Every structure is written in structure tokens, then in C-alpha cells.
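Reader: I've just opened this one and I'm new to it. Could you walk me through it, one question at a time?

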Number of protein chains: 2
Amino acid sequence: MARAKEFDREVVLERAMEFFWAQGYEAASMRDLLDAMQIGRQSLYDTFGDKHSLFLASLGHYYEMGVGSVVAQLSAPDGGLSAIEDYFDGMARRMTTKPYRSCLLINSAIELAPHDPEVAKIVNRFVKNLRKGFAKALEVAESKGEAHVDDIDAVSWHLTNSAMGLGPMSKARVPYKDLKLVSEQILKNIRA
Amino acid sequence: MARAKEFDREVVLERAMEFFWAQGYEAASMRDLLDAMQIGRQSLYDTFGDKHSLFLASLGHYYEMGVGSVVAQLSAPDGGLSAIEDYFDGMARRMTTKPYRSCLLINSAIELAPHDPEVAKIVNRFVKNLRKGFAKALEVAESKGEAHVDDIDAVSWHLTNSAMGLGPMSKARVPYKDLKLVSEQILKNIRA
DNA sequence: TCCGTTATGGACCGAGTGGTCCAGAATGTT
DNA sequence: AACATTCTGGACCACTCGGTCCATAACGGA
């Protein structure tokens with residue numbers, strides 16, 4: 001054996017993810033990416049491969065670190081309506097404060113999915129999981145008597161669509177005040 | 001006077017718009033753009049200025065030719081619920097057939113608005129107009145007794161959010177069948 | 001201590017970018 | 001017919017892109 005890596009893979013991947021999230025794929029140049037990751041050029045190529053592979057790794061990291069747990073909370077056995085409420089209000093609040101970034105997966109859907117089958121696959125899987133999460137939360141809500149949903153399939157798709165809408169809305173600079181109205185209206189529609 | 005232009009400004013602008021629509025801003029190179037527009041290099045720069053100006057012109061053209069009339073139909077005095085229904089079903093159908101392109105303005109919101117104040121302004125104006133269109137359609141629907149809307153502000157924002165959601169949804173390859181469910185559910189929520 | 005292995009970062013590469021320049025062709029006016 | 005004006009398209013520019021190469025430094029094992 002010989003010299004050990006001077007950086008932690010997780011740490012620099014996190015930085016890459018942050019940078020892609022803030023800039024988008026095309027707009028993020030490898031040079032700026034290197035700066036942001038605070039890592040040597042060759043080290044990056046040795047560790048992650050090319051730009052596209054690095055992006056896929058970042059997307060994976062984003063899912064595991066961020067979205068995964070949020071979606072999981074939708075399926076919590078004690079969740080129901082409040083889980084859905086938390087999801088939408090959390091999203092609305094996150095998108096309209098501090099770094100003003102919408103969801104990396106939604107961004108990727110728009111920018112890359114049409115030309116990039118691998119990204120398209122990941123995004124499609126995310127959407128399906130999100131819908132499943134909503135469906136589960138609706139079942140729980142129904143069993144708790146919080147809501148009466150006649151067609152869980154239709155309503156869960158509708159909720160998924162509403163979640164995706166928040167991305168473009170925040171990018172269009174719609175303020176939290178109005179996104180809050182959206183979130184409340186969504187809840188009102190499914191409440192018993 | 002001298003030689004007349006060999007092309008029609010509207011025609012080549014339409015082609016540019018189509019190309020930006022299909023490719024996105026960054027992914028559309030000037031060389032490919034020239035091919036698509038079937039125009040000489042210098043002619044383009046003389047007529048439209050640089051790439052960014054050409055894009056803004058394309059976006060304007062998109063609004064005037066496409067979205068403008070669609071939004072206008074929402075405000076039609078005999079519209080009401082059916083206008084809203086037509087809007088969503090039309091969007092869902094358009095996004096999931098033939099060239100599979102979502103709305104250029106939604107795409108631009110994601111790709112450019114964060115870094116491009118001019119685009120952000122246009123997108124923001126579009127969103128506000130769309131919301132106004134929905135509000136008007138809701139008023140008409142109410143006056144016709146098709147729906148009872150307690151909070152037009154909240155519901156029109158909700159509809160706007162749902163409309164924006166269709167963009168990412170279609171890019172994520174959600175099929176028409178499911179988008180149709182979304183569209184129906186939206187209507188169900190506001191029907192009396 | 002010395003060797004083999006690995007990480008490192010700057011030099012470098014070809015390709016492609018948006019944009020400019022200019023010689024020449026095409027046209028309306030006189 | 002001759003001129004002035006304008007359009008046209010290819011040559012060309014500086015620059016940036018993603019990616020590779022390589023000499024050197026840093027380290028672990030024997």
C-alpha cells in the first residue's frame with residue numbers, strides 16, 4: 001500500500017452535489033467544480049470518472065441524503081395528512097428561503113432527462129416513489145378518518161404533480177406567501 | 001435602397017424558437033441554430049444580435065404565438081370550467097405526444113431564470129398572467145353556477161401550480177394516462 | 001533506509017464555443 | 001450601364017470546454 005487519499009469521498013461528493021444543485025449541469029464547468037470541491041484535477045477523474053459520472057453520483061447522493069428520507073416520512077405509519085402537510089410546507093419554505101434552490105431532481109428532469117436516458121430513469125423512479133409515498137400517506141389518513149379519498153390513484157398523482165409544480169414556481173420567483181396558499185389549498189382538497 | 005433580405009424574420013424566428021424549445025438554451029449551439037434557421041451567420045447577427053437576444057426574441061415569439069392565445073381563452077366570457085378543462089387536457093395531451101416537449105417558459109424558468117434576470121422577469125410575468133386567467137375562468141364558472149369557489153386567490157394559485165407541474169411530469173416520462181388522472185382530479189376539486 | 005505505489009497539480013490537448021471580419025455577389029436607384 | 005448599398009457565407013479569432021499526461025511529492029511496507 002501507499003499514500004492515502006487526502007480527502008473524504010463523501011465530503012467532496014457533497015460539495016459537487018451542492019454545486020450542481022446551484023448551477024445546473026451544463027453551467028457547472030469542471031474548473032469551477034474543482035474549485036468548489038477543493039480537490040485536484042486528477043484526483044477527481046481517478047475517483048469519479050468523467051463529468052457525467054460525477055453528476056450521476058451527485059444525484060444518487062442527493063437522493064440518499066435528502067429526498068429519500070423526506071419521501072420515507074410520507075410513508076410513516078403515524079403520518080397521514082400531517083405528513084403530506086409537512087411535505088408541502090417544507091418544500092415551499094425551503095425553496096423560498098436562503099439559497100433559493102428548488103429540487104435537484106426536478107431541475108434535472110427539465111434540463112437533462114430529455115437527452116439523457118440514465119438521468120431520465122432516475123427521475124422517473126423518483127416520481128414513482130413520490131407517488132407511492134403520497135398513496136401510502138393517503139391510506140393512513142383514510143384509516144385515521146382524516147380524509148375520504150375515493151380514488152387514491154388519481155389523488156396521489158395529483159399530489160405528485162403539485163409537488164413538481166413547486167419547482168418552476170419558485171424559480172419564477174413566486175413568494176412564499178403564495179406558495180403557502182397553494183399548500184393549504186392542496187390540503188383543503190383532500191380533507192374530509 | 002439595395003438588396004432585400006432573402007428571408008422572412010418571422011419564419012426564421014419561429015425556427016429558432018422551435019430549436020430552443022427542443023434543445024434548451026445552452027445545448028443549442030449557434031452553428032446548429034444556423035442550420036435549423038437556414039440562414040447565414042452574419043444575417044443572424046445583423047438581424048437578431050447575439051445568442052441571448054435571439055433567445056429573448058424566441059421567448060417573446062413563443063408567448064405571442066402560443067401561450068398568449070391559450071391564456072386568453074381562459075379569460076373568455078363563455079369559458080368557465082370548460083376553459084380550465086381544455087387548458088389542462090390540452091397541455092397534458094400536447095406534452096405526451098409527437099415531439100414530447102413541455103412548455104418553453106417552464107423550461108426557461110428552470111434552466112435560465114436563476115442566473116438570468118431578463119428571463120426571470122418574463123417567466124414571472126407569464127406566471128402572473130396565467131394565474132389571472134385562471135382567476136377569471138373561476139369567476140365565470142361561479143357566475144354560471146358550475147362551481148363554488150370560496151377563495152379564488154388560493155384556488156387560482158393552486159391551478160397555476162398544477163399547470164407548472166405538468167412540465168417536470170412529462171419530462172419524467174409520466175404517460176398521458178396518468179396526466180389525464182391529474183387533469184380530471186383538478187377539475188373534480190373545483191366542481192360544485 | 002530504501003523501494004514501490006499512489007496521490008497530486010500544472011502543462012497540455014483537440015474540439016467546440018460565441019462572435020467578428022471581409023471579399024464578393026446581388027439588388028434598387030439613377 | 002454604373003453606382004451605392006446591403007446581404008451573404010466562409011475564413012478566422014480568442015476563449016473555454018472536458019479530458020489526458022507526466023514529473024514530482026508523499027506515503028506505507030520491508
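Reader: Let's start with a single side chain. Is Lys144(A) buried, partly exposed or exposed?

Author: Keep in mind that this is a predicted model. The relative accessibility of Lys144(A) is 43%. Buried needs under 20% and exposed needs over 50%, so at 43% Lys144(A) counts as partly exposed.

Reader: Which side chain meets Lys144(A) in a salt bridge?

Author: The general idea is that side chains of opposite charge can pair when their charged atoms come close. The partner of Lys144(A) is itself partly exposed, with a relative accessible area of 24%. The N to O distance in this salt bridge is 3.5 Å, and the partner is Glu146(A).

Reader: And in chain B, how far apart are the closest N and O atoms of Lys144(B) and Glu146(B)?

Author: Lys144(B) counts as partly exposed at 44% relative accessibility, and Glu146(B) counts as partly exposed at 25%. They form a salt bridge, and the cut-off for that is 4 Å. For Lys144(B) and Glu146(B), the closest N and O atoms are apart by 3.5 Å.

Reader: What about Lys177(B) and Asp178(B): which one is buried?

Author: These two form a salt bridge, with their closest N and O atoms 3.3 Å apart. Lys177(B) has a relative accessible area of 58%, so Lys177(B) is exposed. With a relative accessible area of 7%, the buried one is Asp178(B).

Reader: How many salt bridges are there over all chains?

Author: You've now met a few of them, including Lys177(B) with Asp178(B). Some share partners: Asp89(A), Arg93(A) and Lys180(A) are joined into one network that way. Over all chains, a search of the whole structure finds 14.

Reader: How many salt bridges are there between chain B and chain A?

Author: One bridge between these chains is made by Asp150(A) and Lys188(B), at 3.8 Å from N to O. That distance fits inside the 4 Å limit. Between chain B and chain A, the count is two.

Reader: Which element gives the most to the side of chain B that touches chain A?

Author: The contact takes 40 residues from chain B and 40 residues from chain A. On the chain B side, the elements giving two or more residues are α1, α6, α7, α8 and α9. With 15 residues, the one giving the most is α8(B).

Reader: And which three residues supply more than any other three of the area that chain B buries against chain A?

Author: Chain B and chain A bury about 3600 Å² between them, with 66% of it on carbon and sulfur atoms. Of the area that chain B buries here, the three you ask about supply 18%. They are Ile110(B), Trp157(B) and Asn161(B).

Reader: Now the rings. Is the pair of Trp21(A) and Tyr62(A) stacked or edge-to-face?

Author: The centres of the two rings are 5.0 Å apart, and the angle between their planes is 80 degrees. Planes over 60 degrees apart count as edge-to-face. So, by that cut-off, the pair of Trp21(A) and Tyr62(A) is edge-to-face.

Reader: How many residues apart are Trp21(A) and Tyr62(A)?

Author: Both Trp21(A) and Tyr62(A) are buried. Trp21(A) is in helix α1 of chain A and Tyr62(A) is in helix α4, so to speak of their pair is to speak of a link between distant parts of the chain. Along the chain, they are apart by 41 residues.

Reader: Which residue has its charged end over the ring of Trp21(A)?

Author: In chain B, Arg101(B) lies over the face of Trp21(B), 4.1 Å from the ring centre. In chain A, the charged end over Trp21(A) sits 4.1 Å from the centre of the ring. It belongs to Arg101(A).

Reader: One about the backbone: what is the phi of Gln38(A)?

Author: Gln38(A) is in the loop between α2 and α3 of chain A. With a relative accessible area of 59%, Gln38(A) is exposed. Although Gln38(A) is not a glycine, its phi is positive, at about 55 degrees.

Notes:
Residues are numbered from 1 along each chain as its sequence is written. Chains are lettered from A and ligands numbered from 1 in the order in which they are written. This is a predicted model: local features need pLDDT of at least 70, side-chain atom pairs count only at pLDDT 80 or more; totals for chains, interfaces and linings use all residues. Side-chain values use heavy atoms; hydrogens and water are left out. Rings of Phe, Tyr and Trp (its six-membered ring) pair if their centres lie within 6.5 Å; planes under 30 degrees apart count as stacked, over 60 as edge-to-face and the rest as tilted. Helices (H or I, at least four residues) and strands (E, at least two) are DSSP runs, numbered from the N terminus. Buried means under 20% relative accessible area, exposed over 50%, partly exposed in between (1.4 Å probe, protein chains only). A charge sits over a ring if NZ of Lys or CZ of Arg is within 6 Å of the ring centre and within 35 degrees of the ring normal. Contact means heavy atoms within 4.5 Å. Buried area is the accessible area (1.4 Å probe) that two parts lose on being put together, summed over both.
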